[in-house]
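Work through these exercises with the sequence and the model side by side. Try each task before reading its solution.

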Amino acid sequence: MRTHAQAVVIGGGVIGCSILYHLAKAGWTDVVLLERDELTSGSTWHAAANIHGLHDSTNISRIQHYTMQLYNDLEAETGQSCGVFQPGSLYLAQTEAREHQLRLQAAKAKFYGMNFHEVSRDEAERLHPLVNYDGIRCIMYEPDGGNVDPSGVTNAYASGARQLGAEIIRFCPVTGTLQQPDGSWIVQTAKGDIRADWVVNAAGLWGREVAALAGIELPLQPTEHQYFVTETIADIAAMDRRLPSVADRDGEYYLRQEGQGLLVGAYEKDVRFWAEDGTPQGFGHELFADDLERIEDNMMRAIDRVPAVGEAGIKRVINGPMIWSPDSNVLFGPHPDLRNYFCCNGIIPGFSQSGGMGLMAADWITTGESRYDMFAWDVARFGKWADKAFTKARVGDQYAHRFSIHFPGEERAAGRPVRVRPVYERQKEMGAVFGLNYGWEHPAYFDADVPDSAGFTRQPWFDSVGRECKMLRLAAGIIDISNFAKYICKGAGAADWLNAVFANNMPKAVGRSCLTPLIGVRGGIAGDFTVTRMAEDEFMVIGSGMAERYHQRFWKEVPLPDGTTFESHTEAMCGFNIAGPLSRKLLQKLTNADLSTDAFPFMRSQRIEIAGVSVIALRVSFTGDLGWELHCAEADQLRLYDALLEAGKDLGAGPVGSRALMSLRVEKGYGSWGREYSPEYWPQEVALDRLVKLEKDFLNKSAYMQIKDNASREVLSLIHVQDVDSADATGGEPVFLPDGTPVGRVTSGTYGYTVGMSLALGYLKGVSVGDAVDVMILGKAHRGVVLADPPFDPMGERLRA
C-alpha cells in the first residue's frame, strides 16, 4: 500500500470510484481509494440505477447528460460492461403544472442539443403498449433514457482508474483522518497510514462517520426505500425489444423493465428513517424486511397506469437504505472549515450523476474550481444551523415529496423556523409571510390573508407584492436586509489585505464606499461586495448572505497581516434598507444628521443615530431608488424597526418583502449573486470589468489576465417580454431568435410592477439592442425585445437625488 498520495478517496461506491477515475483522467494518477468492505457496499449495489438527462437545473442537466454519454465510452475504454440499457424514457404529465415543467425542459433540451421531445399518444402507445394513457395531458420522450447495472458501472470506473495508475484497497476501513500543519492529511487504517494532499469523503451511508473523524458534522440522514420486481409478464416476454421506462411523477412512482418483468419503485408519504444515531459499521450488503403496505397507494396508481403490474406476481422486493441531505442534493465541494477536505455525500440519483459528479470533483480538486457553477450542490450552502432536527424534518419532507415539482421560489415549511431575528414576531403580527435564506427567516411579502403558494404561473400573492413595489416607488419601503453577509476588517493592515483580496481599489477616505468583484480561480465573478471605510483602520464588507460560507474559502487564500482581523458580524448585526422618493423625509424625522445630497451623497457612509439607535448608514439601495442601508446591533433591531414603521405611517410607507425587492432590482437591471453573478461569467460579460483595477495585485489576478481581453461569450441583457398574460420568466428559460436559433437564457425574471412590463434578465449572444427574441416561458415562445436601458430610472437620477 502506498504511503503517500495526491488524494485518498474514502468509499468504494459508484461515486467514489467515479471520482478516483476522473482524478486519474485529469492527470492525478498517484491516488488511492479505500473501501471498508467490498466495492458497491452500502447503497450502490441495490440501486434501481435509472438514468435520465433532464433536470430543472441547467448545470445539473449538463452533468447528467455527460454521465449518460460516458457509460458507453467507459465500456469501450475499459472492456468492463456497464450493463447499459437505453430504450428511452416516457415522461407523463397528468396536471397543468407538470405539463409546464415538461415543456420547459423540452425547450432547454432544444437549447442545449439534448434529445428530449414531445410525442403523440399514438407514438407513445407504439413505444410502450402496456401503459394506459387516459388522462395524460402531455407526453415527452427521452430516447437515451434507461438504466445501467450498478456493479458494472462501479467496476468500470474502478477498472479505468486502475488502468491509469490509481490504487484501490478493499476491506480497509479508515480509522482516522488527521490534518497536518501544512494542510495535508494523515489517513489512518489498520493496514498502515497514508499521507495525502487531499481527502475525499465519498463514504455514502458512512459519510457522517467519516466526517466525524475530521471533526466536522454533515447534515445527512438515511431512510429506507423500496422497489419491487414482478414475475415474467407474457406481453414483455413476447417482445423483440426493450420497453422504455415510465416517469409518471404525478403518480409518485417510477417504473421500468427488469428482465421480462417490471420494476416499480415509490417514494411514499410514510417515511421510515434509519440509523439516526449513526450507520452501523458492520452493515454492508444487508436489506431491511419487506413492507409493501407502506407503498400500497403508490402501487395502486402504478397498476392503474400499467395494469400488467397488478396481473403479475412479485418476484422480489428490495428495501434498502439511502442517505439524504436536507434538500436532496449532494453535499459537494471542499469543506469551508478544513483545508483540502472534499465532500461528496448524500447522493440520490447517483447513476444519472456519477460521471458528472466525478468530473466536477476532479476539476475542483486539481484546478481549484469546477467548470460549471455548482452552488446548488455546494456543501457551503448549509451552516451549523442545519442541525439534526432540521435535517431530519427536511429529509422527511424531501422523501415524501420526491416527485413533487419544485417550483421557482417555492418555500417549504419543514424544519422551520431555525434562525430568527428580534423583529420576527413583530413581522408575523404585521402579516409577514416568510422565506428561508441560509437558515434565516425573512419576509417574502406582507399579506397573511394571501397564503403562500408556488407555481409556474402568477400566484395569488402577485397583487400583494405589486402593492409593496408601488408603495416604495411612490413613497418609501422598509426592507429587512439582515440576512446580508456582513464582515468587519480591522487593523493596520486592513486596507492592504482587502486590496489583495478584491479586484477594485479600496476606498481611501473614511466614509467612502465602493463596489467590487471577487475574482474566481478561472477569472469569473466569485462574488460582488460593497466595501465601506469606517475609519483609517476599519472597513465594513457586505455581500451575499447565502454565500457567506462559500466565500470563507476565498478569505483563507490571502493570509491576514499581523494585528489585522476579518470577522463575520452577520449574526451580531441587523439591517434595513429604507428606499423610495420619501426615504430621506422618513429618516430625517428620526435623526439630527443632515441627510441632504450635499451632506450625504450616493456611495457615502456615516455613523449616525436613528431614533436614538446607533447605526452605520450607507447611501446605497438594491432597489435602484433613493435609499439608505442602516446596520445596527441585533439588540437594537426591534427598537429601530418600530421607529421606522411609525415614522413612515403618515408618508404612506411600510414594510416590503424580498419578492418585491426582486421585481424592483430587475426593473433597474441589477444582477444578483447566484443568478447573474457566478464564477462561470467573466467581468466583461456583466459590465463589472470597469471595477477591476490592474495597477495592483489581487486574488486570482493571473486568471483574470488570461481572459480579460477575450470577447464576451454572452452579455448580460434585459428583455421586455411583450406578450405575457398569466406567467413571467423566473430563471432558466431558454431564449431563441424568432427563426429558432438559440441565443441565451434567463437568469432572473419577474413582472415589473412600477414600469408595467414583464421582464427577463439574462445572458444573450449575437443579439443587439432592439432585436426581437423569443423567451420560452412555460416552454412556449413569448416574443420579447432587448432593451437598451433599464426601464426604471435609466440615468440614475433618483438613485443620486
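The expected span of a helix is 1.5 Å times one less than its number of residues. Keep that rule at hand for the first two exercises. The model is predicted.

**Exercise 1. Compare the expected and actual spans of α5, then say which of its residues are buried.**

Step 1. Helix α5 has 14 residues, so at 1.5 Å a residue it should span 20 Å.
Step 2. The C-alpha atoms at its ends are 20 Å apart, which agrees.
Step 3. Now check burial, with the cut-off at under 20% relative accessible area. Ten of the 14 residues of α5 pass, and the helix is mostly covered.
Step 4. Name them. The buried set is P150, G152, V153, T154, A156, Y157, A158, S159, G160 and A161.
Step 5. Find their partners. The buried residues of α5 pack against α1, α2, β8 (167–169) and α10.
Step 6. Look past the end of the helix. G165 follows α5 and has a positive phi, near 110°.

**Exercise 2. Do the same for α1: what span should its twelve residues have, and how many of them are buried?**

Step 1. The twelve residues of α1 should span 16 Å at 1.5 Å a residue.
Step 2. Its end C-alpha atoms lie 16 Å apart, so expectation and model agree.
Step 3. Eleven of the twelve residues are buried, so α1 is largely enclosed by the rest of the structure.
Step 4. The buried residues of α1 include V14, I15, G16, C17, S18 and I19. L20, Y21, H22, L23 and A24 are buried in α1 as well.
Step 5. Just after α1 comes G27, with a positive phi of about 105°.

**Exercise 3. Which residues have the most contacts inside the largest nonpolar core, and which element gives the most to it?**

Step 1. The largest nonpolar core has 48 residues. I19, L23, Y157 and F332 have the most contacts inside it.
Step 2. List the contributors. At least two residues each come from β1 (4–10), α1 (14–25), β2 (31–34), α2 (58–78), α5 (150–163), β11 (192–201), β18 (341–345) and α10 (350–367).
Step 3. Rank them. α10 gives the most, with eight residues.
Step 4. Zoom in on F332. Setting aside residues up to four places away in sequence, F332 touches F342, C343, C344, M357, M360, A361, W364, W377, D378 and V379.
Step 5. Another core lies apart from this one. That other core has 43 residues, among them F375, F502, V541 and M662.

**Exercise 4. Is R62 buried or exposed, and which residues does R62 contact beyond four places in sequence?**

Step 1. Place R62: this residue is in helix α2.
Step 2. Apply the cut-off. Buried means under 20% relative accessible area. R62 has 19%, so R62 is buried.
Step 3. Beyond neighbours within four places in sequence, R62 contacts Y112, M114, Y372 and E680.
Step 4. Check its polar partner. The side chains of R62 and N59 are joined by a polar contact of 2.9 Å.
Step 5. Look across the chain. R62 and G356 are 294 residues apart in sequence, yet their C-alpha atoms are separated by 8.0 Å.
Step 6. Repeat for T58, also placed in helix α2. Its relative accessible area is 17%, so T58 is buried. T58 touches K108, Y112 and G732, leaving out residues up to four places away in sequence.

**Exercise 5. Which strands pair with β22, and how many strands form the closed barrel?**

Step 1. Start with β22 (residues 485–490). Five of its six residues are buried.
Step 2. β22 pairs with β25 (residues 538–543) in the antiparallel sense, over six bridges. Here A485 stands opposite G543.
Step 3. β22 also pairs antiparallel with β26 (residues 565–568), over four bridges. Y487 has S568 of β26 as its bridge partner.
Step 4. Move to the barrel. Six strands close it in the order β32-β35-β34-β33-β36-β37, with antiparallel pairing.
Step 5. Ignoring direction, neighbouring strands of this sheet are turned by 45° against each other on average.
Step 6. Take one pair. β34 (residues 742–752) and β35 (residues 757–764) run antiparallel over eight bridges. G749 stands opposite A760 in β35.
Step 7. Add the helix. α18 (residues 658–667) lies across β32 (715–721), β34 and β35. α18 runs at about 125° to β34.

Note on methods: Residues are numbered from 1 along each chain as its sequence is written. This is a predicted model: local features need pLDDT of at least 70, side-chain atom pairs count only at pLDDT 80 or more; totals for chains, interfaces and linings use all residues. Side-chain values use heavy atoms; hydrogens and water are left out. A nonpolar core is a set of buried Ala, Val, Leu, Ile, Met, Phe, Trp, Tyr and Cys residues joined through side-chain atoms within 4.5 Å. Buried means under 20% relative accessible area, exposed over 50%, partly exposed in between (1.4 Å probe, protein chains only). Contact means heavy atoms within 4.5 Å. Two strands pair if DSSP finds at least two bridges between them. Axes are lines fitted to C-alpha atoms, for helices over the stretch in contact, and angles run from 0 to 180 degrees between N-to-C directions. A polar contact is a pair of N or O atoms within 3.5 Å; within protein, one must be able to donate a hydrogen and the other to accept it, and residues adjacent in sequence count only if both atoms are side-chain atoms.
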